[in-house]
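Trainee: I should like to learn how the descriptive terms for a protein model are justified. May we go through them one by one?

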Amino acid sequence: MDRATFEAALTHDGFEIVSISMQPDAVNPEHVHPFDARVLVVDGAMTVNREDTGARTFQPGESFELHAGCRHSEAAGSAGATYVAGRRLPANRR
């Protein structure tokens with residue numbers, strides 16, 4: 001998926017859009033978010049290890065979703081990772 005299409009869908013669905021870069025081989029240890037997230041990798045690679053599905057590495061153009069409260073960790077590849085994320089509080093917290 002291309003970035004413009006992804007961002008248009010985020011806006012349509014009421015997500016706040018942020019762009020984030022991780023340094024090469026950076027790791028965000030296991031954590032949860034109070035918001036739903038949709039993520040599109042735009043450069044580099046990012047491995048997400050989710051409590052419900054295990055680890056998967058995402059390349060540029062690939063996207064994934066995390067629901068609020070989903071325990072996960074994130075690791076950038078050897079070239080780092082840049083991604084666009086949409087964040088939206090779950091319906092019962094808006």
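Mentor: We shall take the terms in turn and set each value against its definition. Please keep in mind that this is a predicted model.

Trainee: Which elements does the protein chain contain, and in what order do they run?

Mentor: The protein chain has 1 helix and 6 strands. Read from the N terminus, the order is α-β-β-β-β-β-β.

Trainee: What makes the protein chain as compact as a globular protein of its length?

Mentor: The radius of gyration is 13 Å, and the globule rule gives 12 Å for 94 residues. The two values are close, so the protein chain is as compact as a globular protein of that length. Along the principal axes, the C-alpha trace spans about 35 × 30 × 20 Å. In addition, residues 24 or more positions apart account for 72% of the contacts with a separation of 6 or more.

Trainee: Why is His72 called buried?

Mentor: A residue is buried when its relative accessible area is under 20%. His72 has 0%, so His72 is buried. This residue lies in strand S6. Leaving aside neighbours within four places in sequence, His72 is in contact with several residues, among them Pro29, His31, Val48 and Leu66. Over the protein chain, buried residues make up 37% of the 94 residues.

Trainee: Is Ile20 then buried, partly exposed or exposed?

Mentor: The relative accessible area of Ile20 is 23%. Partly exposed covers the range between the buried limit of 20% and the exposed limit of 50%, so Ile20 is partly exposed. Ile20 belongs to strand S1.

Trainee: How do you know that Ile20 and Tyr83 come together in space, although they are 63 residues apart along the chain?

Mentor: Their C-alpha atoms are separated by 5.5 Å. Contact requires heavy atoms within 4.5 Å, and Tyr83 is one of the residues that Ile20 contacts beyond four places in sequence, as are Ala81, Thr82 and Arg87.

Trainee: Why does Asp25 count as exposed?

Mentor: Exposed means over 50% relative accessible area. Asp25 has 54%, so Asp25 counts as exposed. Its place is in the loop between S1 and strand S2.

Trainee: What is noteworthy about the phi of Asp25?

Mentor: Asp25 has a positive phi of about 60°, although it is not a glycine. Most residues other than glycine have a negative phi.

Trainee: What makes a group of residues a nonpolar core?

Mentor: The members must be buried residues of the nonpolar kinds, joined through side-chain atoms within 4.5 Å. The largest such core here has 16 residues, and those with the most contacts inside it are Met22, Met46, Phe64 and Tyr83. Strands S1, S3, S5 and S6 each supply at least two residues of this core. The largest share, 5 residues, comes from S3. A second, separate core of 5 residues includes Leu10, Phe15, Leu40 and Val84.

Trainee: Which residues does Phe64 contact, leaving aside its neighbours within four places in sequence?

Mentor: Phe64 is in contact with Ala37, Arg38, Val39, Met46, Val48 and Phe58. Met46 is, like Phe64, among the residues with the most contacts inside the largest core.

Trainee: Where is Gly44 found, and which residues does Gly44 touch beyond four places in sequence?

Mentor: Gly44 is found in strand S3. Gly44 touches Phe58, Gln59, Pro60, Gly80 and Ala81.

Note on methods
Residues are numbered from 1 along each chain as its sequence is written. This is a predicted model: local features need pLDDT of at least 70, side-chain atom pairs count only at pLDDT 80 or more; totals for chains, interfaces and linings use all residues. Side-chain values use heavy atoms; hydrogens and water are left out. Buried means under 20% relative accessible area, exposed over 50%, partly exposed in between (1.4 Å probe, protein chains only). The radius of gyration is taken over C-alpha atoms; the globule rule is 2.2 Å times the number of residues to the power 0.38.
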